[in-house]
Every structure is written in structure tokens, then in C-alpha cells.
Amino acid sequence: MKINGVEKSRKGVLYIVATPIGNLEDITLRALRILRSVSLIACEDTRETSKILTKYKIRKKLLSYYRPKESQKIPYILNILKNGEDVALVTDSGTPGISDPGYLLIKRVINEEIQVIPVPGASSIMAGLMASGLNTSSFKFVGFPPKGEKRIKKFLERLKYERSPLIFFDNPKRVKNFINMLKDSLGERDIVVAREVTKINEEFIRGRVSEVLKNEKLENLKGEVSIIVEGYKKKGHQEEFKEIVKRNLKRVIKEYGIPKKIIKEILRT
């Protein structure tokens, strides 16, 4: 039997299904068809997934699959797949495995030689970039910063000379403090704070870092937040970077784990 032109083996198929990040209309026809066809939907929060299923009149068996319990749920899902039944993996919003649960299951399923099929859809990363107004010919998705000021500072220092826009996720209560640290570590740059994208209270706060920090809206941010920061543009930064690396070669290798081969390639460019 073929599904989407792909020959299906006797084992089931794990579908990685992207779901809306806010507006429930942002789901593909293919995703709805897959959700209707599978035997089980593994979801981060059954209550959140039920909102989508109710809207589109889909009734399926749900399994709670969230980060602290991932390892415990994998054997059950594998058993279903090995019995020839299909499973859909979804998260509360967006794409499983991208700063969301999913990696452990996907890796295990691949190791068991079970087919994995991605079903793409809405993405908070792409949505934020689309409306950022920054040059997005390339970008670097960084995800959530670590906890603790010392760790964040070290984390940002590694990104200082990245020329592509940087995309961060963060808790709304920590955003203002994080942007202050961005200014100290990366300097004055264009920045966009994207809040509740695709939802009723969608909002974009744009400007130079110092301007955004003065915006009163940062004081009581709520909901999902992405922070998009302009890449490094200072003229001559490559030579400056090379000199820093040369002076601190051993420390760079030890602290940042960058292979010596890669460092040599950077210095040659």
C-alpha cells in the first residue's frame, strides 16, 4: 500500500505533524487527513490537542507525551508502530522536536528502522522572521537561553560575531532582563520582540535595543515570545575576530569545544 507515493512497510509510520501556533485555521489539509487516519495521536498536552480535534470533528485515541515522561512512553508507541498501526506526534503548537518534545522518540523510531514522515506547517520561527523587517537571507535559530546570568553572558559571547539574524525564545517575564544582557554583550542592534504571533493579541515591538528597552510594553509581557536580533555588521570584524582567536586559541578550544580544524578554516578565510 502507498501513502503519498511512499511504499508503506508492514510496520506502522510515525508522522511528525506540525499544528497551529495560535490561530486554529493555520493547519494544512494534509495534517488534518493524517490526524484522521492514524490509530493514535501522541500529544504534549491532550487538552491543547483536543481543541484542534474538536474544531475539525476528529475523534482519536490520545496519549500524553511530554518532556519529563518521554522515555516512559516510547516503548508503548513503538509497540503500536511495530504492530503495523500509524501514530501521529504533535505538540501544543508548532513542530515536534523543535524546542519541543519529540527528538527522543524520533531517534528511537529511526533506529528501529520504522518510517518517519514529516508533515510541515505553521512555525513561530518562520512567522516571526516574515514580519521582522530584518534581512532574512540567512538566520540562526538559537532557542531558549540558559538560566543564570553568567551562563547567559557566556552564551551570548559565542554569538557576538554571528552575521545572520539570531532568533531566541524566552519566558515573557525574563525578556526585559535578557534584552538588557543582549545590549551589554552584543551592542546596539535592531531587534524585534514578536509576541503571540497568529493569535488575537499578536504584537511586534521593533527598534534599536535601547529603544525597545524603553517600551513600557516590556514590563507586563504575556504569552509566547520570540526575540529576533540583527546580525553583527561592524566593518573589519573578521580581522578583529581572527586576532582574538589567535590570542586565545587554547582557551577557545577548551571552553567552546570548537575543533582545531574548524578554527584553522576560519582563520584562513
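## R208 and the salt-bridge network

In this predicted model, R208 counts as partly exposed, at 30% relative accessibility. The side chain of R208 meets that of D190 in a salt bridge, with a distance of 3.2 Å from N to O. Because R208 lies in strand β11 (residues 203–208) and D190 in strand β10 (residues 190–195), the pair ties together parts that are 18 residues apart in sequence. D190, for its part, has a relative accessibility of 27% and counts as partly exposed.

A salt bridge also forms between E230 and K233, whose closest N and O atoms are 2.9 Å apart. On the acidic side of this pair, E230 is buried, with a relative accessible area of 11%, whereas K233 is exposed, with a relative accessible area of 60%. Through salt bridges that share partners, D190, R208, E230 and K233 are joined into one network.

## Other charged residues

The count of salt bridges comes to 12, and one of them is formed by R174 and D170, with 3.3 Å between the closest N and O atoms. R174 is partly exposed, with a relative accessible area of 37%, while D170 counts as buried at 5% relative accessibility. As a general matter, side chains of opposite charge can pair when their charged atoms come close.

Over the chain there are 54 positive and 33 negative charges, and the mean positions of the two sets lie 5 Å apart. Another positively charged side chain belongs to R33, which is found in helix α1 (residues 29–37) and is partly exposed, with a relative accessible area of 38%. R33 and I58 are separated by 25 residues in sequence, and their C-alpha atoms are 9.8 Å apart in space.

## L182 and its surroundings

Helix α7, which covers residues 175–186, contains L182. The relative accessibility of L182 is 1%, and because buried means under 20%, L182 counts as buried. When residues up to four places away in sequence are left out, L182 touches L156, F168, G187, I191, I227 and V229.

Of these contacts, the one with L156 can be described by both sequence and space: L182 and L156 are 26 residues apart in sequence, and the distance from C-alpha to C-alpha is 7.2 Å.

## A nonpolar patch on the surface

M126, M130 and F139 form a nonpolar patch on the surface, and together these residues have about 320 Å² of accessible area. Within this patch, M130 has its place in helix α5 (residues 124–130). M130 is exposed, with a relative accessible area of 71%, since the term applies to values over 50%.

## Loop residues with positive phi

Most residues other than glycine have a negative phi. K57 departs from this pattern, having a positive phi of about 55 degrees although it is not a glycine. The place of K57 is in the loop between α2 (46–55) and β5 (61–64), and at 79% relative accessibility K57 counts as exposed.

E113 likewise has a positive phi, near 60 degrees, in a residue other than glycine. The loop that holds E113 runs between α4 (103–111) and β7 (115–119), and E113 is exposed, with a relative accessible area of 69%.

## The chain as a whole

The secondary structure of the chain comes to 11 helices and 12 strands, and the C-alpha trace spans about 60 × 45 × 35 Å along its principal axes. Among the contacts between residues at least 6 apart in sequence, 69% join residues that are at least 24 apart.

Of the 269 residues in the chain, 42% are buried. The accessible surface comes to about 15,600 Å², and carbon and sulfur atoms account for 50% of this area.

Terms used: Residues numbered from 1 in each chain as written. Predicted model: local features only at pLDDT ≥ 70, side-chain atom pairs only at ≥ 80, totals over all residues. Heavy atoms only, no water. Helix = DSSP H or I, 4+ residues; strand = E, 2+ residues; numbered from the N terminus. Buried < 20%, exposed > 50% of the residue type's maximum accessible area, 1.4 Å probe, protein only. Contact = heavy atoms within 4.5 Å. Areas by Shrake-Rupley, 256 points an atom, 1.4 Å probe, with all protein chains shown as cover. Charge placed at Lys NZ, Arg CZ, Asp CG, Glu CD. Patch = residues over 30% accessible without salt bridge, like charges linked within 9 Å, V, L, I, M, F, W, Y side chains within 5 Å. Salt bridge = Lys/Arg side-chain N within 4 Å of Asp/Glu carboxyl O.
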